[in-house]
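This briefing goes through one chain by topic. Please look over the sequence and the structure before reading the points below.

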Amino acid sequence: MLNARVNLIFYFLTLALSFFSRKLFLDCLGAEFIGLTGTLYNLLGFLNLAELGIGSAIGYVLYKPLFDQNKARINEIISVMGYLYRWIGLIILGAGCVLACFLPWIFPATGFDLTLIYFAYYTFLISSLIGYFINYRQNLLGADQRNYVVTAYYQTTNIIKLLIQMTLAYYTGSYYYWVAIELAFGIIYSFILNWKINQTYPWLRSEVKQGRQLFRKYPEVMKYTKQLFIQKMSYFVQYQTVPFLIYAFVSLKIVAFYGNYTIITDKISQMVNTFMEGSGASVGNLIAEGNMDKTVSVFWELLSIRYLIGGIVSFSVYTLIEPFISLWLGSEYLLPKLVLVLITVNIFISYTRGGVMQFLFGFGLFYDVWAPVAEIIINLSVATICGALWGLPGVLLGGLASQLLIVCIWKPYFLYSKGFKQSVWRYWKSIAFYFSSIFMAWAIMEKCIMPFIAIQPSSSFVLWTVYAIIVVASYSVICFANLLIATTGMRRFTFRFLKLRKKP
């Protein structure tokens, strides 16, 4: 609850600032510069693939010694982590220097001087390496349910950084100042975070040399890392390659335009994840009980909430994001309607996939390493071919195709056959009612309610807010009523919620 409260407080503190700063940066620095920095971040994100899985694996290994308060074992595990992260940092540094040689070919005609491009690139690279050489111990805070410490210090530093960047961008319009502040505050945050870790765990002594010697003592770290690496790599490719592909097949300007949409959807996702991700450990404990009937029942309860939230968010984004962007940035920043449709479908899948994935992780079912590999191949193949043919809509089709085939079809089958040990047809029969309930609510809104709402949401922020409250509240009530009538999972969850409310 403390983690959730801190996350929620900083979510609302940064929400308005993020939209205001985005508008100011676009006006003062230009869409091309914002597109350039976004593309550089995603290029460096490829290098960070070297880490995917190690942090999660270490977190999993830390749970037991933290529960037992075994400080000696915690020191050993963190030392092993320091050793592994040191090697990852060196690999990323070497790969980053090699990649830097190709920047003139990656950005042949951006209108920016190569000096600026290299300055921004190495600034982002150094900021990333700080996490591997210095800040790796923050994983202990996360495993110890103290992630609110990381959130508080990181977000406070980030808010101050944004305010300074906004001031300098407005008064100077200097690209170099903007980039320099990124590096300066990365270093400042590192000092503050490590001071807090030393204060919280005065007994913590992590030594890289000792980690090298202890590495063989913890073979489970590499076992989990290998499996989680492949699983998480597909998620990374799904979301992090899109800006680079857009740049390759369209332009840096469209990267920034698309980023305007994703900054909104990402903020919504952060708020929802604040509440939904807290049930992960509970699912693991539930599965450990061994009562399969109860496990399946709770699975459908949690899935019903995800479908309700997924339906509400998807409907809200499709209905409200265009008038919001028109008011926020101007109608010239709107993308074609087909792009919005593809974004909405991807949003719906991203919210509803979490139910199946959460239980797969609870059962420890992440050894289907062929599935994420296939997801990557499908994603990049379709995105490359269709992107060359149709531009931005074609790029987005890659992620949609891979998610439909792997996430929506294979993962439920894998869970039911290996986890629940039941026929997957039970899943498909039940899920049909969820889809029907959500889209029936959408149809009722489109045909029977929205045509009679005499408000133009793109006229002003006040009218947009009134319109948003009316349509989102109406859709939420209709969608919830449909799910309550049509699905057992929603009825059970509602009964559970009302029962908990009656307890003193």
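How far is the sulfur of Cys101 from the closest cysteine sulfur, and in which residue does that sulfur lie? The closest cysteine sulfur is in Cys97, and at 7.9 Å from the sulfur of Cys101 it is too far for a bond. The model is a predicted one. In it the chain has 21 helices and zero strands, and 53% of its 504 residues count as buried.

**Overall make-up**

- Take the contacts in the chain between residues at least 6 apart in sequence: 83% of them join residues at least 24 apart.
- Zero disulfides turn up in a search of the whole structure.
- Cys101 counts as partly exposed, because its relative accessibility is 49%.

**Helix α15**

- Helix α15 covers residues 292-328.
- Of its 37 residues, 30 are buried, so α15 is largely enclosed by the rest of the structure.
- At its N-terminal end α15 is capped by Asn291, which has a side-chain oxygen 3.4 Å from the backbone nitrogen of Asp293.
- At Leu320 the helix bends by about 45°, and the proline Pro323 follows within four residues.
- Gly330, just after α15, has a positive phi of about 125°.

**Nonpolar cores**

- The largest nonpolar core holds 142 residues, and Phe299 and Tyr427 are the residues with the most contacts inside it.
- Helix α15 supplies the largest share of this core, 18 residues.
- Another core, of five residues, lies apart from it; Ile230, Met233, Phe236 and Val237 are among its members.
- Once neighbours within four places in sequence are left aside, Tyr427 is in contact with Phe299, Trp300, Leu303, Tyr307, Val356, Pro412 and Tyr416.

**Helix α18 and the loop after it**

- Helix α18 runs over residues 392-420, and at 1.5 Å a residue its 29 residues should span 42 Å.
- The C-alpha atoms at its ends are 39 Å apart, which agrees with the expected span.
- A bend of about 35° occurs in α18 at Gln403.
- Lys421 follows α18 and is found in the loop between α18 and α19 (425-449).
- Although Lys421 is not a glycine, its phi is positive, about 55°.
- Lys421 counts as exposed, because its relative accessibility is 65%.

**Asp368, a buried loop residue**

- Asp368 sits in the loop between α16 (337-362) and α17 (370-390).
- With a relative accessible area of 3%, Asp368 is buried.
- Its side chain makes a polar contact with the side chain of Lys411, at 2.9 Å.
- Not counting residues up to four places away in sequence, Asp368 touches Gln231, Trp410, Lys411 and Phe414.

**Thr344 in helix α16**

- Thr344 is a residue of helix α16, and it counts as buried because its relative accessibility is 7%.
- Leaving aside neighbours within four places in sequence, the contacts of Thr344 are Ser314, Val317, Tyr318 and Trp442.

**Ile181 in helix α9**

- Ile181 belongs to helix α9, residues 175-200.
- The relative accessible area of Ile181 is 14%, so this residue is buried.
- Ile181 and Gln165 are 16 residues apart along the chain, and their C-alpha atoms are separated by 6.8 Å.
- Beyond residues up to four places away in sequence, Ile181 touches Lys161, Ile164, Gln165 and Leu168.

**Lys71 in helix α4**

- Lys71 lies in helix α4, which covers residues 71-100.
- At 43% relative accessibility, Lys71 is classed as partly exposed.
- Between Lys71 and Trp203 the separation is 132 residues in sequence and 7.7 Å in space, taken from C-alpha to C-alpha.

Definitions and conventions
Residues are numbered from 1 along each chain as its sequence is written. This is a predicted model: local features need pLDDT of at least 70, side-chain atom pairs count only at pLDDT 80 or more; totals for chains, interfaces and linings use all residues. Side-chain values use heavy atoms; hydrogens and water are left out. The bend at a residue is the angle between axes fitted to the seven residues ending there and the seven starting there. Helices (H or I, at least four residues) and strands (E, at least two) are DSSP runs, numbered from the N terminus. Buried means under 20% relative accessible area, exposed over 50%, partly exposed in between (1.4 Å probe, protein chains only). A polar contact is a pair of N or O atoms within 3.5 Å; within protein, one must be able to donate a hydrogen and the other to accept it, and residues adjacent in sequence count only if both atoms are side-chain atoms. The expected span of a helix is 1.5 Å times one less than its number of residues. A nonpolar core is a set of buried Ala, Val, Leu, Ile, Met, Phe, Trp, Tyr and Cys residues joined through side-chain atoms within 4.5 Å. Contact means heavy atoms within 4.5 Å. A disulfide is a pair of cysteine sulfur atoms within 2.5 Å.
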